[in-house]
Amino acid sequence: MDLLKAFSAKQLKAEPPVAEVGDTVRVHIKVKEGSRERIQVFEGTVIAKKHGGIEETITVRRVSYGVGVEKVFPIHAPSLEKIELVRHGKVRRAKLYYLRSRVGKAAKLQEKL
């Protein structure tokens, strides 16, 4: 068990990116295509945070061409370049799964001042 703790402590990022539920974020991910590597950006609303420590993840949702797209990003993954905060959202829930059934302006969140 100590080996597992030592391995996971080594993989943890010193400064993990800060993203709270309700925030609109821009996630920069390293994508490897053959021998090339590029940065892909995914912008959306954080609808869930799960777990903690090495297995901490955030779920980011956006609507692209009328289709809802959700991606789960591990916070401590080496492929995660950075998380850019676009705006803070005012929410009263830990999980915003109710946004899946809403479209248009009903799916918008108020900005936290």
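Student: Which strands each supply at least two residues of the lining of the largest pocket?

Tutor: The model is a predicted one. Its largest pocket holds about 430 Å³ of space. Lining residues number 17, and those closest to the pocket centre are T45, R61, V63, A107 and K108. The strands that each give at least two lining residues are β2 (36-50) and β3 (57-64).

Student: How many residues of each class, nonpolar, polar and charged, are in the lining of the largest pocket?

Tutor: The lining of the largest pocket consists of 17 residues. Sorted by class, they are five nonpolar, six polar and six charged.

Student: Is R61 buried or exposed?

Tutor: R61 sits in strand β3. Its relative accessibility is 16%. The cut-off for a buried residue is under 20%, so R61 counts as buried.

Student: With which side chain does the side chain of R61 make a polar contact?

Tutor: Leaving out residues up to four places away in sequence, R61 touches G44, T45, I47, G68, V69, E70, L99 and R100. For one of these residues there is also a polar contact between side chains, at 3.1 Å. The partner of R61 in that contact is E70.

Student: Which strand gives the largest share of the largest nonpolar core?

Tutor: This core has 13 residues, and V25, V27, I58, V60, F73 and I83 touch the most other members. At least two residues come from each of β1 (24-33), β2, β3 and β5 (80-87). The largest share is four residues, and the strand that gives it is β1.

Student: Which residues does F73 contact, leaving aside neighbours within four places in sequence?

Tutor: F73 is one of the core residues that touch the most other members. With neighbours within four places in sequence set aside, the contacts of F73 are V27, I29, F42, E56, T57, I58, V60 and L80.

Student: How many residues are in the other core that lies apart from the largest one?

Tutor: In soluble globular proteins, nonpolar side chains tend to be buried together. Here another core lies apart from the largest one, with I47, A48, L99 and L109 among its members. Two of the residues named there, I47 and L99, are also touched by R61. The number of residues in this other core is six.

Student: What separates the C-alpha atoms of K5 and I54?

Tutor: K5 belongs to helix α1 (residues 2-11). K5 is exposed because its relative accessible area is 54%, and the cut-off for exposed is over 50%. K5 and I54 are 49 residues apart along the chain, and their C-alpha atoms are separated by 9.7 Å.

Methods
Residues numbered from 1 in each chain as written. Predicted model: local features only at pLDDT ≥ 70, side-chain atom pairs only at ≥ 80, totals over all residues. Heavy atoms only, no water. 1 Å grid on protein atoms, 1.4 Å probe; cavity = no way out; pocket = protein on both sides within 12 Å on 5 of 7 lines; lining within 4 Å. Points joined across faces, edges and corners; volume = space filled by probe spheres on them. Nonpolar A, V, L, I, M, F, W, Y, C, P; charged D, E, K, R; others polar. Buried < 20%, exposed > 50% of the residue type's maximum accessible area, 1.4 Å probe, protein only. Polar contact = N/O pair within 3.5 Å; in protein donor to acceptor, adjacent residues only side chain to side chain. Contact = heavy atoms within 4.5 Å. Core = buried A, V, L, I, M, F, W, Y, C linked by side-chain atoms within 4.5 Å.
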